[in-house]
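Welcome! Please take a moment to look over the protein shown here, and then let us walk through it together.

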Amino acid sequence: MPVLIDRAPSGRGIRAPERFLELGLVNNMPDAALESTERQFLELLRAAAGDIPVRLKLFALPDVPRSDAGRAHLSNGYASLDELFDSRLDGLIVTGTEPRAPELSDEPYWGSFVNLLHWAEQSTASTIWSCLAAHAAVLHMDGVRRRALAEKRFGVFECTKVSEHALLAGVPVRARIAHSRWNELPEETLRSSGYTILTLSPEAGIDAFIKQQQSLFVFFQGHPEYDQRALLREYRRDVGRFLRGERETYPNLPRGYFDVVASDVLAAFRNRALADRCEELLEAFPTSFLEAHLNFTTGTTVARLYHNWLAYLCAEKERRRAPSREAPQSRRVAAAQSAERVS
């Protein structure tokens with residue numbers, strides 16, 4: 001079945017049949033990654049949907065700092081949070097963004113994020129919180145604080161299934177998942193706060209975990225949505241930041257991602273960069289060559305997990321369908337009142 005992406009202005013969206021799942025993607029990624037993030041989630045949902053029809057609507061937090069180009073992109077097909085709060089979505093996916101403040105609660109979008117979290121709890125059957133969004137959500141919900149890593153957790157890591165939750169039905173015991181973050185959540189604190197760990201890695205720590213309250217919240221510290229070249233694009237970006245003097249140290253290679261040939265080529269490029277640090281050198285970065293030497297494929301594991309999530313949403317859509325269901329405006333007011341009580 002198709003996955004339709006709805007970029008129409010409010011009130012003039014795609015007229016999808018009632019049987020369609022209504023999903024929202026709150027894309028908070030930096031400007032350079034906005035389009036690739038849209039594409040990655042759309043491709044993942046198409047691979048996962050099977051016979052489940054899906055309509056996807058795009059949103060973004062209004063307080064994430066943007067360039068003129070970023071704001072222009074959002075103006076072409078993204079809806080506001082007000083429109084989200086007035087909508088009826090079955091499920092929601094919320095991405096992270098690059099951290100700007102030492103404390104998450106000091107980020108410029110914190111207030112909007114908290115309002116979104118409360119709306120999602122009351123108004124969706126399930127919401128996925130990705131990477132930094134997962135860290136922000138558990139901080140607000142239960143005071144679980146992330147802790148800084150000595151170096152970036154960056155690469156592809158083997159993660160093991162440690163739960164028999166229905167979301168993992170048909171998922172292999174072990175799967176390789178991309179991670180990219182500077183912080184981590186302590187396993188013991190999450191468990192003691194009522195979270196269920198789904199998958200974890202001896203090297204990367206917790207990968208996926210959940211908490212069931214009014215809505216099923218699914219959290220990923222990793223990036224299961226990443227396509228094959230996402231870590232390459234991110235590594236090249238970090239190399240460029242070093243060459244421009246925006247970071248002090250040359251970035252480490254992503255773990256388990258490049259084959260031996262690519263690693264040797266990149267070691268030689270690193271030596272050139274350390275000897276002659278200038279932005280012009282980035283033009284010689286061997287992107288096309290490296291694309292043929294990646295030790296990572298997205299495979300069917302992540303699609304299976306997302307299919308299970310979509311199936312859960314379908315079951316909840318049927319269960320929740322009732323004449324007494326609240327109107328969207330009432331649910332929006334309730335979410336706002338709940339947010340005010342905790343602010």
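A residue is called buried when its relative accessible area is under 20%, exposed when that value is over 50%, and partly exposed in between. With a relative accessible area of 13%, Asn183 is therefore buried. Please keep in mind that this is a predicted model.

**The whole protein**

Let us step back to the overall picture. The protein is built from eleven helices and ten strands. Along its principal axes, the C-alpha trace spans about 70 × 45 × 40 Å. A compact globule of 343 residues would have a radius of gyration near 20 Å, and the protein agrees with this, because its own value is 20 Å.

Buried residues account for 54% of the 343 residues. The surface that the protein exposes comes to about 15600 Å², and carbon and sulfur atoms supply 49% of that area. As for charge, there are 43 positive and 45 negative side chains, and the centres of these two sets lie 3 Å apart.

How do the contacts run along the chain? Among contacts between residues at least 6 apart in sequence, 77% join residues at least 24 apart.

**Around Asn183**

Now back to Asn183, which sits in strand β7, residues 174–184. Which residues does Asn183 touch, leaving aside those up to four places away in sequence? They are His135, Arg146, Arg147, Ala148, Leu149 and Gln221.

One of these partners, His135, belongs to helix α5 and is buried there. Helix α5 covers residues 132–142, and nine of its eleven residues are buried, so the helix is largely enclosed by the rest of the structure. Besides His135, the buried residues of α5 include Leu132, Val138, Leu139 and Met141, along with alanines such as Ala133 and Ala134.

Both ends of this stretch are worth a look. In the loop between β5 (126–130) and α5 you will find Cys131. Cys131 has a positive phi of about 55 degrees although it is not a glycine. With a relative accessible area of 9%, Cys131 falls under the 20% cut-off and is therefore buried. After α5 comes Gly143, whose phi is also positive, near 70 degrees.

**Aromatic rings**

The structure holds 16 aromatic pairs. Here are two of them, side by side.

| Pair | Distance between ring centres | Angle between planes | Arrangement |
|---|---|---|---|
| Phe220 and Tyr306 | 6.3 Å | 10 degrees | stacked |
| Phe269 and Phe285 | 5.3 Å | 85 degrees | edge-to-face |

Where along the chain do Phe220 and Tyr306 lie? Phe220 is in strand β10 (residues 216–220) and Tyr306 is in helix α10 (residues 301–320), so this pair, 86 residues apart, links distant parts of the chain. Phe220 is buried, with a relative accessible area of 4%, and Tyr306 is buried too, at 1%.

The pair of Phe269 and Phe285 also links distant parts of the chain, with their positions 16 residues apart in sequence numbering. Phe269 belongs to helix α8 (residues 260–275), while Phe285 is in the loop between α8 and α9 (287–291). Are these two residues buried or exposed? Phe269 is buried, and Phe285 is as well.

Finally, some rings form a larger group. Ring pairs join Trp110, Phe113, Trp129, Tyr195, Phe209, Phe217 and Phe219 into a cluster.

Key
Residues numbered from 1 in each chain as written. Predicted model: local features only at pLDDT ≥ 70, side-chain atom pairs only at ≥ 80, totals over all residues. Heavy atoms only, no water. Helix = DSSP H or I, 4+ residues; strand = E, 2+ residues; numbered from the N terminus. Rg over C-alpha atoms; globule rule 2.2 N^0.38 Å. Buried < 20%, exposed > 50% of the residue type's maximum accessible area, 1.4 Å probe, protein only. Contact = heavy atoms within 4.5 Å. Areas by Shrake-Rupley, 256 points an atom, 1.4 Å probe, with all protein chains shown as cover. Lys, Arg positive; Asp, Glu negative; His and termini not counted. Charge placed at Lys NZ, Arg CZ, Asp CG, Glu CD. Phe/Tyr/Trp six-rings, centres within 6.5 Å; stacked < 30°, edge-to-face > 60°.
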